[in-house]
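Ready for some hands-on practice with helices, contacts and odd backbone angles? Have the viewer open and try each exercise before you read its solution.

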Amino acid sequence: MNGIIYAILAAIPLLLAFLLMVLINAPASRSVLISFVLTCILALFVWKMDLLSVAGYTIYGLLKAVDLLLIVAGAILLQNTMKANGYMAVIRSGFQKISPDPRIQAIIIAYLFGAFIEGSAGFGTPAALAAPLLVGLGFPPVAACAAALMANSTPVPFAAAGTPALTAISNLSAKLTQSGQGMEPFIRDVTGKVCIFLGIGGIILPIMIVAVLVICFGKKRKLRSILEMVPFSILSALTFVVPYFLLGTYLGPEFASIIGAIVGMLLTVTAAHFKVFVPEYIWQFDPAAEKNKKKKAPVPEISVSVKSLFIAWSPYLAVSVLLLVTRIGAIGLKSQLQSIAVAIPKILGIEGLDFSFQWAYNPGIFPFALIAVVTAVCSRVKGKQMKQVLISTGKQMKNLTIALIAGVCMVQIMIHSGSNASGLEGMLTQISTVMVDGVGRAFPFLSPVIGILGAFVSGSCTVSSTLFGPLQFETAQGLGISTAVIMALQLSGGALGNMICINNVVAVTGTSGAIGFEGKIIRTNLIPCLIYCSVIWLLYLLFF
């Protein structure tokens, strides 16, 4: 009985963050910060950790969070720089010329372009960019938001050069060391399994996007309008998923989404241009679906050439190339960049609590921030514009910064709470022991659901995996289940949660003229989210 009581106490910070975000719609920054303070209180007065240890693991968590936040900041900085110099407007106009069929436009822009933006920036950026683009092409705002959010799932664990996956696993460094597992082999193992769950499931995602558009926003020939798009949908999915799977499995989480999406876009746009599997019938939205569409000034169409498109895409291409040459060990740059580090040994004198900041290997600094600066200089972005870019980046980072720092610090204290004067097992061990006894071998079916719920309330796969990843890892150990499989299920669930998460829905409706229809969008995307989750369960049964 005592074990259950301590498990409940240990779970209160996690449950509190969840309930605050769900019941009173508190932002993740405030909710997770409150949970962090509660964790410190429990660690000091129930688990009887000494104050120095709590402070040391808090500082360690802060340093790890800053390392990760630099990746996000660099990615968003590049994105905002490209908006300021007009490159994003050129890219948008290039998309406007591909096909008049909204089904094909949704696949190319929401599914493939969204995957590319997710791979290079992440954190809600893809849907916020893709949805207004679709509205500019004539989509009803609710349809544009639903399609953009649905598509923002498969690429999510590898957003911003793999930040969610790397964050989830970096929080487990102490546990991996204890279990004799190396960090890099575990990253590769988890990444490969995520590619199976989300990659194979991602093959049906374009079909689901088309089905939602036709069923919810079309008027006639609904079944036929879905079936005739199946060949093109599968073709477009394979052009992305195959390189996504190969890159993620053999090179790591940094490459899967960003480079897989480039390959997918090139091949799918080529297929659309040459009418490969493109239906003759051009489907259109039901005029009644336009009733919620607010009248807006038409988006001016920019005359684009091959040269201007190449220039507009060049920063992203440069990022992709630099990520490749610095992450492939055989080239030699990887080890050189990793050796350039600021070492902080024995934080607050705690033995073994060492931190190493490999700043030259941090993708937020190199290549994202570097390419942002070069792009601003080469395109002659004015000082006033660049100031606005920095302000916008800071505003976008504000809430995520607080949530991620508080979340990582909280998790580090929970992970190391086993070192105490009370004789109790660590917080996560207490919770996982009860879950092992209560759920048993069925836990893998609960694992992605935990990921979905975490992303739904926090608005981020990264935050979801930061909060629940260590718990899932420890529960898997207790059950004798592959920890890599469970972490892959957590990340996959966190990715699916992006389809329906409150933060993303609010953000995308605000940029697309669909404010007030947030509930409808969540209800629309809930079924595709559950179907995708069911596919993941099936893949687990088949392969693991």
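**Exercise 1. Work out whether the length of helix H2 agrees with the expected span.**

Step one: H2 covers residues 28–45, which makes 18 residues. Helices here are DSSP runs of type H or I with at least four residues, strands are E runs of at least two, and both are numbered from the N terminus. Step two: the expected span is 1.5 Å times one less than the number of residues, so H2 should span 26 Å. Step three: the end C-alpha atoms of H2 are 26 Å apart, which agrees.

A quick word on what you're looking at: this is a predicted model, where local features need pLDDT of at least 70 and side-chain atom pairs count only at pLDDT 80 or more, while totals for chains, interfaces and linings use all residues. Residues are numbered from 1 along each chain as its sequence is written, and side-chain values use heavy atoms, with hydrogens and water left out.

Now for the surroundings of H2. Its buried residues include Ala28, Val32, Phe36 and Leu42 (buried is under 20% relative accessible area, exposed is over 50%, partly exposed is in between, with a 1.4 Å probe and protein chains only).

**Exercise 2. Find the kink in H5 and say how enclosed this helix is.**

Start with the length: H5 takes in residues 102–120, 19 of them, and reaches 25 Å from first C-alpha to last, close to the 27 Å expected. Next, look at Gly114, where a kink of about 30 degrees is centred. The bend at a residue is the angle between axes fitted to the seven residues ending there and the seven starting there. Finally, check burial: 19 of the 19 residues of H5 are buried, so H5 is largely enclosed by the rest of the structure.

**Exercise 3. Describe how H21 packs against H19 and against H8.**

First, the method: two packed helices are described by the angle between their axes and the distance between the axes. The axes are lines fitted to C-alpha atoms, for helices over the stretch in contact, and angles run from 0 to 180 degrees between N-to-C directions.

Take H19 (residues 427–439) and H21 (residues 461–479): their axes come within 8 Å and cross at roughly 55 degrees. That makes H19 oblique to H21; under 35 degrees counts as roughly parallel, over 145 as roughly antiparallel, 65 to 115 as roughly perpendicular, and the rest as oblique. The crossing is right-handed, meaning that the near helix is turned clockwise from the far one by less than a right angle, while anticlockwise would be left-handed. Among the residues that meet are Leu428 and Met435 in H19, and Pro470 and Leu471 in H21 (a contact is heavy atoms within 4.5 Å).

Now H8 (residues 159–170): its axis and that of H21 come within 9 Å and cross at roughly 10 degrees. H8 and H21 are therefore roughly parallel to each other. Thr163, Pro164, Thr167 and Ala168 of H8 make this contact with Cys461, Thr462, Ser465 and Thr466 of H21.

**Exercise 4. Is Leu467 buried or exposed, and which residues does Leu467 touch?**

Locate Leu467 in H21. With a relative accessible area of 5%, Leu467 is buried. Leaving out residues up to four places away in sequence, Leu467 touches Leu14, Val32, Gly407, Met410 and Val411. Val32 should ring a bell, as one of the buried residues of H2.

**Exercise 5. Analyse the packing of H3 and H17, then look at the peptide bond from Phe366 to Pro367.**

The axes of H3 and H17 come within 8 Å and cross at roughly 20 degrees. That makes H3 roughly parallel to H17, and the crossing is left-handed. Residues that meet include Leu70 and Gly74 in H3, and Phe368 and Ala372 in H17. As for the bond, Phe366 to Pro367 is cis, with omega near 25 degrees. Pro367 sits in H17 (residues 364–378).

**Exercise 6. Where do Lys48 and Lys346 lie, and what is phi at each?**

Lys48 lies in the loop between H2 and H3, and its phi is positive, about 60 degrees, although Lys48 is not a glycine. Lys346 lies in the loop between strands E1 and E2, with a positive phi near 45 degrees. For accessibility, Lys48 is partly exposed at 45%, and Lys346 is partly exposed at 43%.
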